[in-house]
Amino acid sequence: PKVKTDSRFWEAVCDERQKPFAVELDPPETTEMKKFIAGARELQANGASIITIADCPVAKPRMDSSLLACKLRRELKIETLPHMTCRDRNLNATKGLLLGLSAEGVENVLVITGDPIPSVSRDEVKSVYNFNSRLLAGYISALKKTVLPADFRIFGALNVNALNFHVQLELAKEKVEKGVCGFLTQPILTQEALDNLKLARQELDAKILGGIFPIVSKRNAQFIHSEVTGILVDE
C-alpha cells in the first residue's frame, strides 16, 4: 500500500521499486561551511535521497548536527537525518532539541548511544549518558504521543560486522519495540556481514538501509580494516 507521508525519502524506503540513498556528510570542525554546503549540493545533484549528519563523531566537537540539518532543509530543500547521541545531553536538552527539529520540518532522527569521551579529554569534558539508544528511542516515541508529530521517524544503527551478531539482533528488536522504524548498517564488505544483513531482514520488523563504502586502494582497505572500529574488509 502507498505510504502517506510528506517524506519522499520514507516513501522511497517503503516502495520496493525504488532505491533511496542516504549519504553521510561529516559536519565541519570550524565555522567554515562552504565545503560542507558544496558537498551537500553535489550529493543532492547526484541523487542522494537524504543526507545524514554525524553528532560529534568519535566524541570530538564539530558543528551541531541538528542545526546543520535545519540549514540544509531550509536552503537546499533536501531531507536530512541528524544523528543524536546519548552522550552529551540530558532529558531537558534532548526534548528541547527534538521540538526545535520538528518546528523546522526535520522529522527524522538517528539515535545512537555515542562514542565515549577520549581519555585525554575526560578531565575537561564529562559524558552525560542519561540514555542508551534504546531508551532514547522509547523517550522519543513517548513524545510522539504528546508534543511531536505522529510521523516523526526514529532510525537506529545496526552493526552487521559484530562478532556476536545475535546479540546485536536482539538489541535491534528491542529498538523496534521502542519505536525505531528503520536501521542504517555499517558498511558491508564481507560475506559474513551480507549474511547478517539477510538475517536481519528476516528477523526485524523495520526497514534496513545496507551500508555501502567505496574502497579505493589496498592501502585504504588495510587502514579501514585495522583502524576503523566496526568496519571489516574481506581479505
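**Notebook: sheet, helices and rings**

Entry 1. I began at the edge of the sheet, where proline 187 has glycine 211 of β7 as its bridge partner. The model is predicted, so I note that local features need pLDDT of at least 70, that side-chain atom pairs count only at pLDDT 80 or more, and that totals for chains, interfaces and linings use all residues. Residues are numbered from 1 along each chain as its sequence is written, and side-chain values use heavy atoms, with hydrogens and water left out. The names of elements follow DSSP runs: helices are H or I of at least four residues, strands are E of at least two, and both are numbered from the N terminus.

Entry 2. I looked up how the strands are ordered. Seven strands make an open sheet that runs β1-β2-β3-β4-β5-β6-β7, with parallel pairing. Two strands pair if DSSP finds at least two bridges between them. In general, strands of a sheet pair through backbone hydrogen bonds, either parallel or antiparallel. The edge strands are β1 (22-24) and β7 (207-211), each of which pairs on one side only. Ignoring direction, neighbouring strands of this sheet are turned by 25° against each other on average.

Entry 3. I then checked the pairing at both edges. Strand β6 (residues 182-187) pairs with β7 in the parallel sense over four bridges. β1 and β2 are also paired in the parallel sense, over three bridges. Opposite glutamate 24 stands threonine 52 in β2. How are the faces of β2 covered? Ile50 and Thr52 lie on one side and Ile51 and Ile53 on the other, and all of them are buried. Buried means under 20% relative accessible area, exposed over 50%, and partly exposed in between, with a 1.4 Å probe and protein chains only.

Entry 4. I followed helix α3 next. Serine 65 has its place in helix α3 (residues 65-76). Is serine 65 buried or exposed? Its relative accessible area is 0%, so serine 65 is buried. Leaving out residues up to four places away in sequence, serine 65 touches Ile53, Ala54, Asp55, Pro82 and His83. Contact here means heavy atoms within 4.5 Å. After α3, I came to lysine 77, which is in the loop between α3 and β3. Phi of lysine 77 is near 60°, a positive value in a residue other than glycine. Lysine 77 has a relative accessible area of 67% and is therefore exposed.

Entry 5. I searched for ring pairs. How many aromatic pairs does the whole structure hold? The search finds two. Phenylalanine 9 and phenylalanine 155 form a tilted pair, 6.1 Å centre to centre with 50° between the planes. Rings of Phe, Tyr and Trp (its six-membered ring) pair if their centres lie within 6.5 Å; planes under 30 degrees apart count as stacked, over 60 as edge-to-face and the rest as tilted. Phenylalanine 9 is in helix α1 (residues 8-14) and phenylalanine 155 in strand β5 (residues 153-158), so this pair ties together parts that are 146 residues apart in sequence. Phenylalanine 9 and phenylalanine 155 are both buried.

Tryptophan 10 and phenylalanine 155 have ring centres 5.8 Å apart and planes at 80°, so I logged the pair as edge-to-face. Tryptophan 10 in helix α1 and phenylalanine 155 in strand β5 are 145 residues apart, and the pair links these distant parts of the chain. Tryptophan 10 is buried at 11% relative accessible area, while phenylalanine 155 counts as buried at 0%. Ring pairs thus link Phe9, Trp10 and Phe155 into a cluster.

Entry 6. I compared two helices. The axes of helix α6 (residues 165-177) and helix α7 (residues 191-203) come within 11 Å and cross at roughly 30°. Axes are lines fitted to C-alpha atoms, for helices over the stretch in contact, and angles run from 0 to 180 degrees between N-to-C directions. α6 and α7 are therefore roughly parallel to each other; angles under 35 degrees count as roughly parallel, over 145 as roughly antiparallel, 65 to 115 as roughly perpendicular and the rest as oblique. Phe165, Leu169 and Lys173 of α6 make the contact with Asn196, Leu199, Ala200 and Glu203 of α7.

Entry 7. I ended at phenylalanine 213, found in the loop between β7 and α8 (218-227). Its relative accessibility is 34%, so phenylalanine 213 counts as partly exposed. Phenylalanine 213 touches Pro187, Leu189 and Ile224, not counting residues up to four places away in sequence.
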